[in-house]
Amino acid sequence: MYAEASYGNYNETTSLRFPVSKDAKGRQLKFDYHMYGSHVGQLYVVFITSQSSNEEIVWMMKGNKGEYWLKACVPIKNDISEIIFVAVKGYSYQGDIAIDNVVIEEKGCPGPFDCDFQNGICKYSIASYYGFGWYIRHDYSYESNTNNYLYIYSRTDTENSEVYIRSPQADVKENSSVTFKYLMRGPMKEFALFTYDSYSSKELLWSSNFNDIPEFITACVDFPNSTTFGLNFQGTVNANSYWDGYIYLDEIEVHNETCKLGLTYHFCKFKEVHLCNFQVKCPENTRYNWSQGSSSDYREIPYLHRYSNDRHYYMYVDSINGKPEDVTHLSFPNVEPPAGHSLFFDYYLQQGAGKLQIEIETAKGKELVFEEVSVAPSFAWLSGCVQVTNEDTDIEFIVTHGYGMGQYIGLTNVGFLEEECQDRNISCGFTEGTCQYSNLTYYPAWERINSRNDTNLTDGFYMQTTLSYYHESTLASPTENITNSCVQIRYKIINKNCKLAIYNAFNNNTILSMVSDDTTPWGIAQVYIQQEITKLVFQAQSVSYGVCGVLLDYVYIRENNCPQLDCPVGTRKCKNNYCYSESKVCDRTNDCSDGSDEMNCPDSISCDFATKYYCGYKIAYGWVPVLDNGTSFFNVPGSMQIIGTKGKMLSPMETLADSCVNIKFTTAFALTGNFSVILHQKNPNGNNSHHLAWNEYFFSQRDETYEGQFQLPAGTSFLTFIADIKTGGMAINSVNIYNGTCPELS
């Protein structure tokens, strides 16, 4: 709330009144205030006593206090019924007065140790040396709740130089603590907190050499049992740090309770490293160890964007250090999980980086509760969850070095949530959740969809991904050891330009591969697994223009061999156990991953070469089938190509009536050479004949698409396509057969 100085006359007042409950006596009124301008008036606080209704001015401030918020605290010594904030207008409009965060609380007003450095250094004293000392700084660029903070900058090259800021001595309650925010950058050796007594003897309470976080972080330190002492914050510089070392200090505050550290009280995102209270066990004889990192984009892998704003923090291990089978540990000791909570965490596993495990130790002993091996190509942070019990627990994250080099395993967002973990199984109907299936790509991603009005679904829930041109979306199951079982998958592919491949990440063996068209209904695919450690990866891919989608209704594991697969009406069964539309039989498109839908199909001279099965054409030499992309300078998808060489290709033999053979072809890169078609035919008398049916010479031919044609007499025939290309290249797009006489070419 603010009093606008643009209105009213000099010395006029405006009031803001707060009724107060009866139990305010013995507590403190706290509020923030802002008084900035060349002619600011006054702000004062009035208490109205409960019995006599007397007014008492208990606090007053006047004049310009700077362009930042300040804090105030007023003890409430008597029973009061009302608090009044009164703003008095100054000489001009340049003097607004504002208050915020008004609260009555039991916590006392700032003591001799408390300081936010908004109005100087409070009751502290500074010991500084030439070129090395504490100074007040006004800055908005760092994340602190106040605009002023204390800082050291080093201008000395003398190793172990020390400088400190010291509070007066004061009586301290038992079981109390102090929190403060600090930031340390550059070659500063140490930042430490000592107590000192009347004999000036010091006792070290806390120290840190953690100098790689470019933001303020919070530390909490329990006080000793001594009743009277002072605080001494001390910075120590390394050698050769001239101009480079910094320590910032802010928001020193005493609390009448001991520090609350660890996962029991904090969700650990690894920025507030002291509050997380984790430990890293340094392994012997190796540099393979946990490090802290940060990124501007939570999706990035650890080594990217480490020094940008809006950071996400994490711990990570880099396999560029150490050797395979090295192990490093990160632990949270003496944690007491809240009742009814589970442990959640995010982790990152680059393929080949190694293995992440979680061990939990209670009074009953150690238990391995989570294990994941980096076998799948992941480009995303994954989420994990393990069940815990409400008892004193040590939680340890263990990373084992894999056989990849320069790969990362990351960890962040570790903490307890009041919910149960989903089952972690390959077998999943997606009814209660995702069974801890994980997206390995951020976009496009798989999503769990609720569509209870779809009567074709098992229970109304399914996983879905939607893709556009040449996008890929990958979903991974948890890991299981499958023995003598059948994996059944109910799926649907929307639009013909999508395909779904399913493989085991542990051996990269493709288990199933499916494509579809617009008419394909929900289908079932199945595969028998004798014995394998299995992590299923569902890789959906768009293979052409347009939008398509892939849906998963369920993934089930059933013991023993796979049952007989009954395909719906209008579909047929592939040899590798899934159903496809009858309209896809012998359409020269591989709709079964094993090609069984294109087996035993009639060969044909007529062919558009746009698919994997080329109508029975045989290449002797030179010609190359191209499905998607050709060379960098000659790209004709769906064609037979030849570049800068000789080639020979034979069509299948076919019995036809009088027909016209039409050839569409493309030239490129200043084509020079010869292209001929030889007609081979069986005569009625059983003799074979052949002759040149069509021929074309090229000399520095431009990049164009052409047509050629010739007459094919009735009978049993096949064609030989011969090319002698000196420079450039050409591609046959299609060979088409039309009944009757060839028309004139336009």
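Author: Strands here are DSSP runs (E) of at least two residues and helices are runs (H or I) of at least four, both numbered from the N terminus. The model discussed below is predicted.

Reader: How many helices and strands does the protein have?
Author: The protein has 746 residues, of which 49% count as buried. Among contacts between residues at least 6 apart in sequence, 76% join residues at least 24 apart. As for secondary structure, the protein has 1 helix and 48 strands.

Reader: What share of the exposed area do carbon and sulfur atoms supply?
Author: The total is taken over the protein, which exposes about 36,400 Å². Of that area, the share supplied by carbon and sulfur atoms is 46%.

Reader: Which strands are the edge strands of the open sheet with the order β1-β8-β3-β6?
Author: This open sheet is formed by 4 strands, and the pairing is antiparallel. Within it, β1 and strand β8 (residues 97–105) pair over 2 bridges, and Ala 3 has Ile 97 in β8 as its bridge partner. An edge strand pairs on one side only, which is the case for β1 (2–3) and β6 (70–75).

Reader: Is Cys 122 buried, partly exposed or exposed?
Author: Cys 122 is found in the loop between β8 and β9 (125–127). Leaving aside neighbours within four places in sequence, Cys 122 is in contact with Asp 114, Cys 115 and Asp 116. The relative accessible area of Cys 122 is 42%, and because the class between 20% and 50% is the intermediate one, Cys 122 counts as partly exposed.

Reader: Which residue of β18 is the bridge partner of Tyr 164?
Author: Strand β12 (residues 162–166) pairs with β9 in the antiparallel sense over 3 bridges, and there Ile 126 stands opposite Ile 165. β12 is also joined by 5 bridges to strand β18 (residues 228–237), again running antiparallel. In β18, the bridge partner of Tyr 164 is Gln 234.

Reader: With which side chain does the side chain of Thr 328 make a polar contact?
Author: Thr 328 lies in strand β23 (residues 327–335) and is buried, because its relative accessible area is 0%. Beyond the neighbours within four places in sequence, Thr 328 is in contact with residues including Lys 281, Tyr 288, Trp 290 and Phe 397. The polar contact, at 3.0 Å, is made with the side chain of Asn 289.

Reader: Which residues make the nonpolar surface patch of about 360 Å²?
Author: One member lies in the loop between β36 (523–542) and β37 (548–559), namely Tyr 545. Tyr 545 counts as exposed because its relative accessibility is 65%. The patch as a whole is made by Tyr 469, Tyr 470 and Tyr 545.

Reader: How far apart in space are Gly 728 and Ala 668, C-alpha to C-alpha?
Author: Gly 728 has its place in strand β48 (residues 715–739) and is buried, because a relative accessible area of 10% is under 20%. Not counting residues up to four places away in sequence, Gly 728 touches Ile 643, Gly 644, Ala 668, Phe 669, Ala 670 and Leu 671. Gly 728 and Ala 668 are 60 residues apart in sequence, yet their C-alpha to C-alpha distance is 5.8 Å.

Methods. Residues numbered from 1 in each chain as written. Predicted model: local features only at pLDDT ≥ 70, side-chain atom pairs only at ≥ 80, totals over all residues. Heavy atoms only, no water. Buried < 20%, exposed > 50% of the residue type's maximum accessible area, 1.4 Å probe, protein only. Polar contact = N/O pair within 3.5 Å; in protein donor to acceptor, adjacent residues only side chain to side chain. Contact = heavy atoms within 4.5 Å. Patch = residues over 30% accessible without salt bridge, like charges linked within 9 Å, V, L, I, M, F, W, Y side chains within 5 Å. Areas by Shrake-Rupley, 256 points an atom, 1.4 Å probe, with all protein chains shown as cover. Salt bridge = Lys/Arg side-chain N within 4 Å of Asp/Glu carboxyl O. Pairing = 2+ DSSP bridges.
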